[in-house]
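Biologist: I would like to go through this model with you and ask, for each label you use, what stands behind it.

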Protein chains: 6
Amino acid sequence: MPYIKIELTREDVTREKKQQLIKGVTNLIMEVLNKDPLLTHVVIQEIDTDNWGYNNEQVSVMREQGISSDIKKA
Amino acid sequence: MPYIKIELTREDVTREKKQQLIKGVTNLIMEVLNKDPLLTHVVIQEIDTDNWGYNNEQVSVMREQGISSDIKKA
Amino acid sequence: MPYIKIELTREDVTREKKQQLIKGVTNLIMEVLNKDPLLTHVVIQEIDTDNWGYNNEQVSVMREQGISSDIKKA
Amino acid sequence: MPYIKIELTREDVTREKKQQLIKGVTNLIMEVLNKDPLLTHVVIQEIDTDNWGYNNEQVSVMREQGISSDIKKA
Amino acid sequence: MPYIKIELTREDVTREKKQQLIKGVTNLIMEVLNKDPLLTHVVIQEIDTDNWGYNNEQVSVMREQGISSDIKKA
Amino acid sequence: MPYIKIELTREDVTREKKQQLIKGVTNLIMEVLNKDPLLTHVVIQEIDTDNWGYNNEQVSVMREQGISSDIKKA
């Protein structure tokens, strides 16, 4: 019964990574909430980088400036 | 004033079927809630089968295995 | 597999009307798209009238002014 | 922390207009709610005109009939 | 940058379980997509059982009939 | 025709601030996209601080630790 929507920018997310997200979320829901996986729906929505903004800037502009959204290395 | 979002997989939903969904939902809202249809917005969002999962599996993988989401025949 | 979200203002929508919305949408999806009802999830989200606006006005203010969102009578 | 989703029909919204929407919403959130812009995410979702309906009609059909959604001139 | 919405029925989800969902999803996004956790927002939305339906039935009615959404035991 | 959803934490957002958000967004849509305000719907969704997480932490826990989401002062 849970429904989970994952929204992220359209930047080379492979079919395998999508599969990992679907299985990872479904298993988390099983572990934490004990829900029947048949009832758990996971939807991944990819958004063009022109269409996402944070920190008052368009993501496509950040990418042109070399700013990534990756984990910062220590 | 109601806003209705219909999310489904992108699998040959024709323009006519979309029209049927829009009119069917708008009429349902008129009958049950008595709402002015000018204020009822219906949005259909098609999702690639790689991007939807249920039962702990990607829909595109299910389709390759011949598993449909259609009504089961008796 | 379809997921349908119905958003409307919180204004005396009874349990019976919610049941009618759920069954009405599920049957529409069966008729138009032939989808297994086990996979069709319908979620109704009620929004306080202070939290919805259209026509550049808060719905709660419209209600105080006697403006409804009902079907206009001929 | 606010997350804002803007859904509109896919009808020639330029990159510059998307930038204006992102900055306009982020600044509004800063002014009204005093929120750190780093935490404000704005997502624009463009919907095909076949996939949006209001007033019990598909937007693509309205466009064929010459009906726009623009501001009415006085 | 990912935004994740988890929708589930309002049925005794404790603060600790919500914390587990937030951390579980954020870590999954880090592992699969390498995204900076500062940019990953997770929102949990609880829906009254009168307001969710699947299998053409209201969840509150299913609960009265003793039908759960839990994992089926072998 | 645009539909805008604003999601934020439930932390003392007054009716007046909600009115400002509704008018601010509607006017932005008029200025940038020239859309008829009658067709612009703005929905504000308040989320309990237990139900929102970012930076791998529940917002309610951050608040207990004195961490705000406000604009950082220079």
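Biologist: Why does Asp36(E) count as buried or exposed?

Modeller: Asp36(E) has 10% relative accessibility, and since buried means under 20% relative accessible area, exposed over 50% and partly exposed in between (1.4 Å probe, protein chains only), Asp36(E) counts as buried. Before we go on, this is a predicted model, in which local features need pLDDT of at least 70 and side-chain atom pairs count only at pLDDT 80 or more, while totals for chains, interfaces and linings use all residues. Residues are numbered from 1 along each chain as its sequence is written, chains are lettered from A and ligands numbered from 1 in the order in which they are written, and side-chain values use heavy atoms, with hydrogens and water left out.

Biologist: What makes Asp36(E) and Lys72(A) a salt bridge?

Modeller: The closest N and O atoms of Asp36(E) and Lys72(A) are 3.3 Å apart, and the term asks for a side-chain nitrogen of Lys or Arg within 4 Å of a carboxyl oxygen of Asp or Glu, so the pair qualifies as a salt bridge. Asp36(E) lies in the loop between α1 and β2 (41–47) of chain E and Lys72(A) in the segment after α2 (59–64) of chain A, so the pair joins two chains; helices (H or I, at least four residues) and strands (E, at least two) are DSSP runs, numbered from the N terminus. Unlike buried Asp36(E), Lys72(A) is exposed, with a relative accessible area of 60%.

Biologist: What is the N to O distance between Glu11(E) and Lys35(A), and why does the pair join two chains?

Modeller: The side chains of Glu11(E) and Lys35(A) meet in a salt bridge at 4.0 Å, N to O. Glu11(E) sits in the loop between β1 (3–9) and α1 (15–33) of chain E, and Lys35(A) in the loop between α1 (15–33) and β2 (41–47) of chain A, so the pair links two chains. Glu11(E), at 26% relative accessibility, counts as partly exposed, whereas Lys35(A), at 10%, counts as buried.

Biologist: How many salt bridges does a search of the whole structure find?

Modeller: The search gives 50 salt bridges over all chains.

Biologist: Why is Asn51(E) called buried or exposed, and which residues is it in contact with?

Modeller: Asn51(E), placed in the loop between β2 and β3 (52–54) of chain E, has 4% relative accessibility and therefore counts as buried. Leaving aside its neighbours within four places in sequence, Asn51(E) is in contact (heavy atoms within 4.5 Å) with Lys18(C), Val42(C), Val43(C), Ile44(C) and Glu46(C).

Biologist: How do you know that strand β3 of chain C pairs with β2(F)?

Modeller: Two strands pair if DSSP finds at least two bridges between them, and strand β3 (residues 52–54) of chain C and β2(F) have 3 bridges, in the antiparallel sense. One of the bridge partners is His41(F), which stands opposite Tyr54(C).

Biologist: What area do chain F and chain C bury between them, and how many salt bridges are counted there?

Modeller: Chain F and chain C bury about 1500 Å², with 39% of it on carbon and sulfur atoms, where buried area is the accessible area (1.4 Å probe) that two parts lose on being put together, summed over both. The count between the two chains is 4 salt bridges, and Glu7(C) and Lys5(F) meet in a salt bridge at 3.2 Å, N to O.
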